[in-house]
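Me: I am new to reading structures, and I would like a close, careful look at one part, the helices and how they are packed. Please explain each term as you go.

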Amino acid sequence: MYISKWKKNLARALAVLMMFLLVIPLFPADVSAASAFVQTSASSYSSQFGVQLENASEGGQNVAFIDNGDYIVFNNVDFGSGAASIDVRVASNTSGGNIEVRLGSQNGTLIGTVAVPGTGGWQTWQTKSAPVQSVTGVHTVYLKFTGGAGNLFNLLWFKFNAASSGGGDVIGKLYAGYQGWFNAAGDGSPNGGWIHWSKNSSAPSTSGNVNFEMYPDLREYSKLYQTNLANLGNGTPAKLFSSYDQETVNKHFEWMQAYNIDGAALQRFGAEDNNTPNGWKTNRDSVAVKVKNAAESYNRKFYVMYDITGMNPSNWVNAVKYDWTQNVKNTMNLTTSSAYAKQNGKLVVCIWGIGFTDRPGTLSESIELIQWFKNQGVYVIGGVPTYWRTGINDSKPNFMNAYKELDMISPWTIARFGTLQGADDFKNNVLQPDLTYTQQNGIAYQPVMFPGFAWSNLHGGPKNEVPRLHGDFMWRQAYNIKSLGIQTGYIAMFDEYDEGTAIAKAAENSSMIPTNHYFLTLDADGVAVSSDFYLRLAGDINRLFKGQIPLTVNHPTSHQ
């Protein structure tokens, strides 16, 4: 009898032990706090309500069969000194739903919400992001799922991102595109000629080689180079600057600081998958380092914007990967600069040209490159076609899955309209529905503004093709953007004298241009404005976006 009772108790004890051992893998022990800033498998939850696990196409298991009100719990999550955002890897064959990030309980403090879109399949994965309220220390995290009826989406992993010391550098900020591509004979560049000022590298003259539309205001440059054009109307020799000179780049960033422009998107052309030296690449990289130096000196931010125009369709993805790794990061050390922009604690990069009908890249290639950057913790902006959302006109069709992978979308607008009415129509027909779509899909939105446009010297065509209207045209774009509640913007461009879109100081009137050649001047529409007017206007647009001045139909910037 005794032995029988002992055996029975032993059997019970063994059964309890086996159950305990089986439960351990399902509910990991909370021995020590786990970092919020590492990629955490959703299947490693401490407890859950309503969900199941299944094998994931990207490896491991994902949380599946998620319905409205279900949740998963992670104990002892250490946020350290602060988190700024969360990334999640999700897939949905329906319209998706939301992930609420709560602390302490399923109805505890809500610190952020990630919008999960339909991705086209239960194993078609996308990474989505959302900001979170500042949270520090160790907490129990609840990921609560909300949405409509039926299964909503699958969740593979999540990761929080640390707050940067100065907050986000791009959202809520105003950037200008920076070309930095002008050379002059004698500037010491290996290019050895008048790149971008001239069509043939010879000094600009009346022989038909002038390549730029607007003549810069030269009065503040310490280094200038003599052209073969006649003297300016005021008798001053017709000289031009070189972007190869540190003094020139310094002056431009000094202006950004003085006129309230937050930073520059440094255009980067011609990425290759090798380091075979040539003068053009050496010049480009030298200017990039000078931009870094100037941004540090004048407390401005900058990020690299890859322009994929003209890149080899057979290797453009590998070329960008190689260039970012070997040149941008390892050789030039741009990303370690205190001036390099971060958003949500991540380095920022822009890929300009994805999805354009006349640029390289298939859908799968574009997704591969975006995901490659994101897997390294990089915040990816897409310089996309105007009609990216509808997949018509300048956009390749069926590219939406690539656009959805982006953290921020910045559609091109230059010369897509050319009047105040055109700007208003663009707001109603493009800007508003674009914004709605990005908000629904958890993508940030960076509209592009431009002051005017013409390239009669570069390509022919009308002079003053899109008139600046003494600032009314660019202000109307900013007014429309702000009226939609948008506080982020990009101005094309800072120093694009070729296409007449520069906001940097330019010739006010005929006294500041050569007497023997046409150049567009700032008084072309009959109203005199100072050479720094568009810099001052840009500064007021930044103040408008930041809520420092009221929203008014007419710009507040004095013409002089």
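Reply: H4 passes H5 in a right-handed crossing (the near helix is turned clockwise from the far one by less than a right angle). This is a predicted model, in which local features need pLDDT of at least 70 and side-chain atom pairs count only at pLDDT 80 or more, while totals for chains, interfaces and linings use all residues. Residues are numbered from 1 along each chain as its sequence is written, and side-chain values use heavy atoms, without hydrogens and water.

The axes of H4 (residues 316–331) and H5 (residues 363–375) come within 9 Å and cross at roughly 15°, which means that H4 is roughly parallel to H5 (an angle under 35 degrees). In this contact (heavy atoms within 4.5 Å), H4 contributes Trp316, Val317, Val320, Lys321, Trp324 and Thr325, and H5 contributes Glu365, Ser366, Glu368, Leu369, Trp372 and Phe373. The residues of the contact of H4 with H5 divide into seven nonpolar, two polar and three charged.

Turning to another helix, H10 (residues 533–545) has 13 residues and reaches 18 Å from its first C-alpha to its last, close to the 18 Å expected at 1.5 Å a residue. H10 is mostly covered, with 12 of its 13 residues buried (under 20% relative accessible area, 1.4 Å probe), and among these buried residues are Phe533, Tyr534, Arg536, Asp540 and Phe545. The buried residues of H10 pack against strand E13 (174–178), helix H2 (246–258), strand E23 (448–449), helix H9 (472–483) and strand E24 (489–491). Just after H10, Gly547 takes a positive phi of about 75°.

How values were computed
Helices (H or I, at least four residues) and strands (E, at least two) are DSSP runs, numbered from the N terminus. The expected span of a helix is 1.5 Å times one less than its number of residues. Buried means under 20% relative accessible area, exposed over 50%, partly exposed in between (1.4 Å probe, protein chains only). Axes are lines fitted to C-alpha atoms, for helices over the stretch in contact, and angles run from 0 to 180 degrees between N-to-C directions. Angles under 35 degrees count as roughly parallel, over 145 as roughly antiparallel, 65 to 115 as roughly perpendicular and the rest as oblique. Ala, Val, Leu, Ile, Met, Phe, Trp, Tyr, Cys and Pro count as nonpolar, Asp, Glu, Lys and Arg as charged, and the others, Gly among them, as polar.
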